[in-house]
Amino acid sequence: MLSHMCGSGGGEGPTPSTEEGMNTSLHTTTTTMATQTDTHSQNHSEMNELPPPRMISQRAHQTLAFPTFSSNYTKMIQANLYDKLTNPKLIVMNGITACLDALSHTLCDPDDVVITPTPVYGRIYTNFHDRSAATVIPLVCSQEDDFALNVKDLEKLIEKTESEGRCVRACVLLHPHNPLGHIYSTAQLRSIMEICAQHEVHVIIDEIYAFSIYNKEIKFNSVLGFESLPDPQRTHVLWGFSKDFSIPGFRLGVIHSLNPWVLSCVTTLSHYHSCPQVIQHAAATIINDEEWCDGFYLPTNQERLAKAHHKICQRLQEMEIAVCKGQGGLYVWANLQAYLQPCTEEREMALFMALVDGGVCILPGKKLYCVNPGWFRIIFAVPDEELEEGLSRIEVVLYVWKKNIESDSS
Ligand SMILES: Cc1ncc(COP(=O)(O)O)c(C=O)c1O
């Protein structure tokens, strides 16, 4: 199926089920990507119309306006049977990093604002700033609230930013979240999307950890399974192979969007971010093997993640290190504040360096834009012996570190 998607096409698939409980099967997700409710989708003949204001960036207008042979040719093909068969809504690129970069170019003008809840996977900042020169503003989530996202705070932040005369262009959500491991409830996602719709803010949802859910009680509620969306034209969903299949070297990610201008612009940009056909073919072979994917790989992976997550939580508890409660991802968000006196970013970085010297690399919160110093992201999705070794190294470094603090203060 994926090989159909090369460049711009999508495929047919079963109709999505209800909002809750989506994505228990890889095939459900990949096929629903192509079958999302599309009352608002438009065909390419409407591409001759100008996009409404606040829809895409000025740069993207230029990208759309540039008449290349290939884009004209593509339009001709897409106006024919090919378009009807493939109904393009998926764009394939070489990884989610490329997808985010292309979306930043497509949606943002310099100084536009992109909001994302923090702490956050740090590249969201660079992905949305480097090419488009947009400014990423944090929606601060803090340890006082267990790093929960407060929807009212999002609304206030959008209103405050707009009252300063700035254009809030997009809200980026990581779902499941990196580094927190949180999964948002359907109601919460809907509230976020409604607020964004009211303010004409695009919602970009990166679901790269969609199948890496270690809490077996939880069913992941992909936005792609929602029966309706508050603003389908401004909702864009991403997924890639790097995490759920542990093959970041494949460099394969997809953007699902119903917005014809965004699709067209991103299709043009995909020439610079293309994923080799041979990789697409291999990836398609993997996900077309339903028996292996749904019957073996995904449940086994989930089982192993759950086991490793249980193990790391238990060992950290023995070390009296608290972790933030999460449900998905390949990491835990751990509180090492007891080792920081004073609890500052400088001490956090010093502890990070001590850990690196001790042979273990865990990412400090500063690098993930965390407002509270002392939190670290620890990856647990490694072979059992490596997890054991890493945890032992952390224990040794913290023991020596604590002894040094005690002798300094005596
Ligand atoms: C939330 C998130 N999105 C995207 C990426 C990068 O994905 P890719 O390897 O497809 O560029 C990462 C990698 O850590 C990630 O955590």
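Trainee: What share of the residues of the protein count as buried?
Mentor: This is a predicted model, in which local features need pLDDT of at least 70 and side-chain atom pairs count only at pLDDT 80 or more, while totals for chains, interfaces and linings use all residues. Residues are numbered from 1 along each chain as its sequence is written. A residue is buried if 20 or more other C-beta atoms, placed from the backbone, lie within 10 Å of its own, exposed if 12 or fewer, and partly exposed in between. Of the 410 residues of the protein, the share that counts as buried is 45%.

Trainee: Why does valine 114 count as buried?
Mentor: Valine 114 is found in strand S2, residues 113-118, where strands (E, at least two residues) and helices (H or I, at least four) are DSSP runs numbered from the N terminus. Valine 114 counts as buried because its C-beta neighbours inside 10 Å number 26.

Trainee: How many of the six residues of S2 are buried?
Mentor: In a regular strand the side chains alternate between the two faces of the sheet. In S2 both faces are covered, with Val113, Ile115 and Pro117 buried on one side and Val114, Thr116 and Thr118 buried on the other. S2 is therefore largely enclosed by the rest of the structure, the count of buried residues being six of the six.

Trainee: Which residue in S4 does valine 114 stand opposite?
Mentor: Strands pair if DSSP finds at least two bridges between them. S2 is joined to strand S3, residues 135-140, by six bridges in a parallel run, and valine 114 stands opposite valine 136 there. With strand S4, residues 168-174, S2 pairs in the parallel sense over three bridges, and the residue in S4 opposite valine 114 is alanine 170.

Trainee: In which order do the four strands of the open sheet run?
Mentor: The pairing in this open sheet is antiparallel, and the edge strands, each pairing on one side only, are S8 (322-323) and S10 (363-364). S8 and strand S9, residues 331-335, pair over two bridges, with asparagine 335 in S9 as the bridge partner of alanine 322. The order of the four strands is S8-S9-S11-S10.

Trainee: How many charged residues does the shell around the ligand have?
Mentor: Among the residues around the ligand, with a C-beta atom placed from the backbone within 6 Å of it, are Gly95, Tyr121, Asp206 and Pro248. Ala, Val, Leu, Ile, Met, Phe, Trp, Tyr, Cys and Pro count as nonpolar, Asp, Glu, Lys and Arg as charged, and the others, Gly among them, as polar. By these classes the shell has five nonpolar and six polar residues, and the number of charged residues is one.
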